[in-house]
Amino acid sequence: TATATTASTSIAPEDLKEGDPAPAFEGVGDDGKTYSLESLKGKAIVLYFYPKDDTPGCTVEAQEFRDESAEFEKAGAVVLGVSMDDAASHQAFRAKHALNFPLLVNGESIAKAYGVPVRLGFASRETFVIGKDGKLLKVYRSVTPKGHAKEILSVL
């Protein structure tokens, strides 16, 4: 199960902006490992929220992150996908598209900490780029899947 807490700050999650401290988060990936802001300290983190495994836009977005993985690695960044899907769904999605980054399971609490709306079990398509210092480097509240990975690389 994923959990998240907002640091002792008066910033409402939906008002997060560049320069703000990233809310703490912890989630279990489809690989069974736990990922958290704390455990990834010193790395840049691309925390991207998407509606549903194996749907057209989500597949395009995930494939672009996969295809740019060497560039993200060079930039010292870790990519984490977050949706409301369960581990079995994530594992099938990763296997089908040879995705080389973890997908966090049951991301409701992480979405809440970051102010990402979840409607009818689907998260809004939003991305948070967290700098190596733990502050938000870039906030994308409305994402177009095609070209998004390159867009993020340009700010890392």
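This is a short tour of one sheet in the structure, strand by strand.

The model is predicted, with local features needing pLDDT of at least 70 and side-chain atom pairs counted only at pLDDT 80 or more, while totals for chains, interfaces and linings use all residues. Residues are numbered from 1 along each chain as its sequence is written, and side-chain values use heavy atoms, with hydrogens and water left out.

**The whole sheet**

Start by colouring the strands; strands (E, at least two residues) and helices (H or I, at least four) are DSSP runs numbered from the N terminus. Five strands form an open sheet of mixed pairing, in the order β6-β5-β4-β9-β10. β6 and β10 (136-140) are at the edges with a single partner strand each, so one side of each has no neighbour in the sheet. Two strands count as paired if DSSP finds at least two bridges between them.

**Strand β5**

Select residues 77-82. Six of the six residues of this strand, β5, are buried, so the strand is largely enclosed by the rest of the structure. Buried means under 20% relative accessible area, exposed over 50%, and partly exposed in between, with a 1.4 Å probe and protein chains only. Turn on the side chains: A77, V79 and G81 point one way, and V78, L80 and V82 the other way.

**The neighbours of β5**

Add residues 44-49, strand β4, which pairs with β5 in the parallel sense over six bridges. Here Y48 stands opposite G81. Next add residues 103-104, strand β6, which is also parallel to β5 and joined to it by two bridges. L103 of β6 stands opposite G81.

**Strand β9**

Return to β4 and add β9; the two run antiparallel, with five bridges between them. Look for I45 opposite I130 in β9. Five of the five residues of β9 are buried. E126, F128 and I130 point one way from this strand, while T127 and V129 point the other way.

**The hairpin to β10**

Now select β10, which pairs with β9 in the antiparallel sense over four bridges. T127 has Y140 of β10 as its bridge partner. Five residues lie between the strands of this hairpin, and G134 takes a positive phi near 85°.

**The helix across the sheet**

Finish with residues 56-67, helix α1, which lies across β4, β5 and β9 (126-130). The helix runs at about 165° to β4; axes are lines fitted to C-alpha atoms, for helices over the stretch in contact, and angles run from 0 to 180 degrees between N-to-C directions. Contact means heavy atoms within 4.5 Å.
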